[in-house]
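Please open the model in a viewer and keep the sequence panel visible. The tour below proceeds by selections, each followed by a description of what is found there.

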Amino acid sequence: MSRIGRFLASSMTTAVVAGTAMAGLLVAPAQAAGTTASDPAATASSSGGDCKEKKTVGNARNRGDIFHSHAKTADWDHDHVGMYYTTKTIVEAPGVGSKSKSVTASTLKKCGPIVKMYVKAKQSSRDKAADYAYKHFRGKSYDLNFAGNKASNTDYLNCSELVWKAYKYAVDIELDKNGGPGVYPDDIRDDGSTVTYQTIR
């Protein structure tokens with residue numbers, strides 16, 4: 001390829017990358033203003049945040065425990081949640097372009113603070129929720145609708161939708177502080193049914 005051809009190809013690639021980044025930045029303000037049902041977290045890869053160094057999530061005390069981590073897209077803090085299938089295995093919906101999956105807790109890194117919590121319920125109920133998430137909620141494409149994710153079908157799942165539906169469908173426990181049509185990571189963390197036992201900063 002000639003020098004001019006290489007220059008043009010490089011310029012086109014840079015323009016495409018820049019355009020994609022700008023498109024991602026324009027999503028968050030629209031969601032914050034309530035004008036769209038899109039999830040700004042979807043523009044961030046694997047629930048990335050603005051932290052310089054991610055922390056290891058690590059193991060839980062109980063099956064069915066939940067972790068909450070910081071995540072940010074543009075200027076909007078949307079945060080992230082996942083749940084423990086075993087004390088060493090997490091089920092989560094990491095973000096756009098990735099399907100929900102199980103991962104080893106000792107290898108999963110997220111932006112801090114990372115909060116670990118248990119749900120106020122019998123361990124048998126926590127086990128049922130964990131089993132439900134593992135059996136039914138892996139391999140699902142990412143759901144771009146946070147604002148109405150409670151009513152969405154389970155063909156698509158975002159992070160808080162996965163955790164909320166696992167407990168709701170398996171044992172009829174409602175993990176949503178404000179009870180609205182959409183459940184967000186902070187709604188789960190701040191619900192009265194969850195109890196924090198560890199914070200990693």
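Among contacts in the chain between residues at least 6 apart in sequence, what percentage join residues at least 24 apart? The value is 63%. Please note from the outset that this is a predicted model.

**The whole chain**

Begin with the chain displayed as a cartoon. Its secondary structure comes to five helices and eleven strands. The chain has 201 residues, and 42% of them count as buried.

**Stop 1: Tyr118 and Tyr197**

Turn next to the aromatic side chains. The structure holds six aromatic pairs. A pair of aromatic rings is described by the distance of the centres and the angle of the planes. Select Tyr118 and Tyr197: the ring centres lie 6.4 Å apart and the planes stand at 20°. Why is this pair called stacked? Planes under 30 degrees apart count as stacked, and the 20° between Tyr118 and Tyr197 therefore places the pair in that class.

Now colour the chain by sequence position. Tyr118 belongs to strand 8, residues 109–119, and Tyr197 belongs to strand 11, residues 194–200. The two residues are 79 residues apart, and the pair thus links distant parts of the chain. Tyr118 counts as partly exposed, at 26% relative accessibility, whereas Tyr197 is buried, with a relative accessible area of 16%.

**Stop 2: Asp65**

Keep both tyrosines on display and add Asp65. This residue is placed in the loop between strand 1 (55–56) and strand 2 (66–70). Is Asp65 buried or exposed? Asp65 is buried, because its relative accessible area is 0% and buried means under 20%.

Which residues does Asp65 touch, not counting residues up to four places away in sequence? They are Ala60, Gly82, Met83, Tyr84, Met117, Tyr118 and Tyr197; both rings of the previous stop therefore belong to residues in contact with Asp65. Measure from C-alpha to C-alpha in the viewer: Asp65 and Tyr118 are 4.6 Å apart in space, although 53 residues apart in sequence.

**Stop 3: the peptide bond before Pro113**

Remain in strand 8 and select Pro113, which has its place in that strand. The bond between Gly112 and Pro113 is a cis peptide bond, with omega of about 0°.

**Stop 4: Phe146 and Tyr184**

For a further aromatic pair, select Phe146 and Tyr184. Phe146 is buried, with a relative accessible area of 3%, while Tyr184 counts as partly exposed at 21% relative accessibility. Their ring centres are 5.2 Å apart and their planes stand at 40°, so the pair is tilted. Each ring belongs to a loop: Phe146 to the one between strand 9 (141–142) and strand 10 (156–157), Tyr184 to the one between helix 4 (159–171) and helix 5 (185–189). Along the chain, the two residues are 38 residues apart.

From Tyr184, add His78. The C-alpha atoms of these two residues are separated by 7.7 Å, and along the chain the residues are 106 residues apart.

**Stop 5: helix 3 and helix 4**

Show helix 3 (residues 123–136) together with helix 4. Their axes come within 8 Å and cross at roughly 120°. Helix 3 and helix 4 are therefore oblique to each other, and helix 3 passes helix 4 in a right-handed crossing.

Display the side chains where the helices meet. Helix 3 contributes Ser125, Arg126, Lys128, Ala129, Tyr132 and Ala133; helix 4 contributes Leu162, Ala166, Tyr167, Tyr169, Ala170 and Val171. Tyr132 and Tyr169 also appear in a cluster formed by ring pairs, together with Phe137. Add Tyr134 and Arg138 to the view: the charged end of Arg138 sits over the ring of Tyr134, 3.6 Å from its centre.

**Stop 6: two positive phi angles**

Finish with two aspartates, beginning with Asp79. Where is Asp79 found? Asp79 is in the loop between strand 4 (76–77) and strand 5 (80–86). Its phi is positive, about 60°, although Asp79 is not a glycine. The second residue, Asp172, is found in the loop between helix 4 and helix 5, and its phi is likewise positive, near 55°. Asp79 is buried, with a relative accessible area of 8%, whereas Asp172 counts as exposed at 55% relative accessibility.

Key:
Residues numbered from 1 in each chain as written. Predicted model: local features only at pLDDT ≥ 70, side-chain atom pairs only at ≥ 80, totals over all residues. Heavy atoms only, no water. Phe/Tyr/Trp six-rings, centres within 6.5 Å; stacked < 30°, edge-to-face > 60°. Helix = DSSP H or I, 4+ residues; strand = E, 2+ residues; numbered from the N terminus. Buried < 20%, exposed > 50% of the residue type's maximum accessible area, 1.4 Å probe, protein only. Lys NZ or Arg CZ within 6 Å of the ring centre and 35° of its normal. Axes fitted to C-alpha atoms, helices over the stretch in contact; angles between N-to-C directions. Parallel < 35°, antiparallel > 145°, perpendicular 65-115°, else oblique. Left-handed = near helix turned anticlockwise from the far one by under 90°. Contact = heavy atoms within 4.5 Å.
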